[in-house]
Amino acid sequence: MDLAQRYTDVGVIGAAGKMGSGIALLLCQQMTHRRLGPDGKGRRFKLTLMDVNDAALDGLQSYLASQLKRMAEKSTILLRGLYADRKDLVENGEIIDAFVADALALPRFTTDLGAMKGAHMVFEAIAENIDLKKKVYGELKNLCGPETWFFTNTSSIPISLLDREVGLGGRIVGYHFYNPPAVQKLLELITGPDTQSDLIEASKQIASDLRKKVIPANDIAGFIGNGHFIRDGLYGISELERLTGEHGFPEAAYLVNHVSQDWLIRPMGIFQLIDYVGVDVFQCILGVMNRFIDGEDLHSTLIDALMDKGVRGGQNPDGSQKDGFFRYEKGRPVAVYSLDEGKYQPLDDSWTGKLDGLLGTLPEGYVPWKGLARDPGKNEKLAAYFANLRATDTLGSSLATSYLKRSKEIGENLIKSGVAANAEDVNGVLLNGFFHLYGPINDYAADPQTVH
Ligand SMILES: NC(=O)c1ccc[n+]([C@@H]2O[C@H](COP(=O)([O-])OP(=O)(O)OC[C@H]3O[C@@H](n4cnc5c(N)ncnc54)[C@H](O)[C@@H]3O)[C@@H](O)[C@H]2O)c1
């Protein structure tokens with residue numbers, strides 16, 4: 001079966017979730033383009049969107065309607081080409097409405113996994129739970145034909161394990177979109193030794209159809225993105241625990257978060273990022289990695305303690321941030337969790353100012369992440385800033401330099417252990433998936449004498 005044929009019958013499982021809804025949107029847009037294009041003539045297209053949560057499927061319908069309209073508004077030139085023979089469509093608005101109506105005619109919403117019968121490609125984005133994924137793939141294997149391909153959005157579970165234990169015969173790839181899938185450009189493609197070669201080739205083509213940048217990762221739990229993020233998070237946590245003795249927990253959390261955001265010029269501090277991803281998700285991925293990776297203690301008693309106290313992070317249905325290490329207002333941290341007291345302590349200048357003083361002044365050349373993100377001269381500015389950082393003798397610069405060293409070591413270990421092919425791939429994941437301005441494998445933390 002060729003790819004054009006495969007695109008005619010596609011399923012998404014967990015379609016109403018955070019990731020599944022974005023994947024459903026991208027596929028709905030791509031399949032509609034194909035249906036309207038020269039290859040679509042005479043073919044019937046079916047997009048089956050399945051989720052166990054019926055109410056959330058209602059929300060998915062309105063999400064698709066609003067997002068497809070936005071996408072259509074941005075692609076009127078392409079749509080004019082696709083609707084060239086529709087002389088009745090004159091204004092852009094008419095073409096946009098026609099596209100949205102055509103796109104919304106494709107999906108069928110269901111809570112019945114049985115509806116996947118006949119699907120040529122199934123994209124799965126259900127919860128990150130090995131037993132649940134194995135159960136669902138076991139059912140899919142019996143339901144779908146022997147040619148069906150499976151694309152799992154798992155963040156950490158080795159795909160060879162699913163392949164082997166369910167007996168999928170190499171018909172599954174790891175297709176790791178980043179959140180939100182409709183916006184994020186990166187896609188980590190994970191294949192195992194048994195993955196069918198035509199599936200690997202088609203996976204690259206589909207990623208290109210969906211306008212994603214593919215970075216390949218080897219099938220080792222956590223892959224590149226979480227392989228770096230989880231260890232980077234554990235390093236931040238170890239620094240928090242070390243500094244708690246001297247300063248107290250909320251103070252240490254503030255210090256490490258501040259250094260990992262501002263002193264490292266990253267989009268978010270490390271604890272803010274863990275809150276965004278979810279303390280619960282962090283714990284879950286940690287658990288999977290710990291199970292499959294030998295010789296490394298990938299575990300955090302602090303994360304376990306936060307979870308025991310119900311501190312879970314993640315987002316509310318309206319997209320606002322739930323409480324985690326920090327409490328947020330309008331997306332900004334306004335209070336920090338006190339582990340001893342089990343409540344949030346407002347971030348106010350009376351004590352954060354003192355801590356800022358302890359860290360010292362930010363090195364010369366500092367520009368916040370936002371100010372550099374779109375600056376074409378950012379590489380030179382970063383190099384100058386980090387040279388000043390290395391030349392500064394303050395608590396802030398020493399914490400930041402150690403952080404950079406550890407981040408680089410994590411990146412290099414991902415290559416040594418075979419997860420990533422090279423530094424370019426490690427850096428590419430952090431640049432594209434985490435919006436860092438520089439990859440972890442760099443000379444920024446190096447001793448000035450060793451920099452060339
Ligand atoms: N959220 C992220 O930032 C992110 C990023 C990359 C990858 N992932 C991965 O994507 C997957 C989904 O994560 P998410 O954040 O979208 O989770 P989510 O909880 O938002 O969505 C999961 C969806 O799956 C549905 N579901 C649960 N069991 C099901 C079943 N048996 N059959 C059908 N539907 C079922 C749920 O109702 C829910 O709508 C996980 O494997 C996760 O590791 C998440």
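**Exercise 1. Classify F435 by burial and describe its backbone.**

*Solution.* Step 1: F435 has 15 C-beta neighbours inside 10 Å, so F435 counts as partly exposed. The model is a predicted one. A buried residue would need 20 or more such neighbours, and an exposed one 12 or fewer.
Step 2: F435 lies in the segment after α18 (423–433).
Step 3: The phi of F435 is near 60°, a positive value in a residue other than glycine. Most residues other than glycine have a negative phi.

**Exercise 2. Determine whether I265 is buried or exposed, and locate it in the chain.**

*Solution.* Step 1: Within 10 Å of I265 there are 26 other C-beta atoms, so I265 is buried.
Step 2: The loop that holds I265 runs between α10 (249–263) and α11 (270–277).
Step 3: I265, too, is a residue other than glycine with a positive phi, here near 50°.

**Exercise 3. Compare the span of helix α17 with the expected value, and find what covers its buried residues.**

*Solution.* Step 1: Helix α17 (residues 395–416) has 22 residues, which at 1.5 Å a residue should span 32 Å. The end C-alpha atoms of α17 are 31 Å apart, which agrees.
Step 2: The buried residues of α17 include G396, L399, Y403, K408 and L414.
Step 3: Among the elements that cover the buried residues of α17 are α9, α10, α14 (349–359), α16 (378–391) and α18.
Step 4: After α17 comes G418, with a positive phi near 85°.

**Exercise 4. Explain why the buried residues of α5 line one face of the helix.**

*Solution.* Step 1: Helix α5 (residues 92–104) has 13 residues and reaches 18 Å from its first C-alpha to its last, close to the 18 Å expected.
Step 2: The buried residues in α5 are I96, F99, V100 and A103.
Step 3: Viewed down the axis of α5, these buried residues fall within an arc of 95°, so they line one face of the helix. In general, an α-helix has 3.6 residues a turn, so residues three or four places apart point the same way.
Step 4: The packing partners of the buried residues of α5 are α2 (18–36), α3 (54–73) and α4 (76–82).

**Exercise 5. Describe the shell of residues around the ligand.**

*Solution.* Step 1: There are 26 residues around the ligand, and G14, G17, M19, S155 and N179 come nearest.
Step 2: Two or more residues of the shell come from each of α2, α6 (130–143) and β6 (172–177). The most come from α2, which gives three residues.
Step 3: By class, the shell holds 14 nonpolar, nine polar and three charged residues.
Step 4: N179 is joined to P180 by a cis peptide bond, with omega about -5°. Most peptide bonds are trans. P180 is found in the loop between β6 and β7 (186–191).

**Exercise 6. Assess how compact the chain is.**

*Solution.* Step 1: The chain has 18 helices and eleven strands.
Step 2: The radius of gyration of the chain is 24 Å, close to the 22 Å that the globule rule gives for 452 residues, so the chain is as compact as a globular protein of that length.
Step 3: Along the principal axes, the C-alpha atoms fill a box of roughly 70 × 50 × 50 Å.
Step 4: Of the 452 residues in the chain, 42% are buried.
Step 5: Among contacts with a separation of 6 or more, 68% are between residues 24 or more positions apart.

Key
Residues are numbered from 1 along each chain as its sequence is written. This is a predicted model: local features need pLDDT of at least 70, side-chain atom pairs count only at pLDDT 80 or more; totals for chains, interfaces and linings use all residues. Helices (H or I, at least four residues) and strands (E, at least two) are DSSP runs, numbered from the N terminus. The expected span of a helix is 1.5 Å times one less than its number of residues. The arc is that of the directions from the helix axis to the C-beta atoms. Two residues are in contact if their C-beta atoms, placed from the backbone, lie within 7 Å. A residue is near a molecule or strand if its C-beta atom, placed from the backbone, lies within 6 Å of it. Ala, Val, Leu, Ile, Met, Phe, Trp, Tyr, Cys and Pro count as nonpolar, Asp, Glu, Lys and Arg as charged, and the others, Gly among them, as polar. The radius of gyration is taken over C-alpha atoms; the globule rule is 2.2 Å times the number of residues to the power 0.38.
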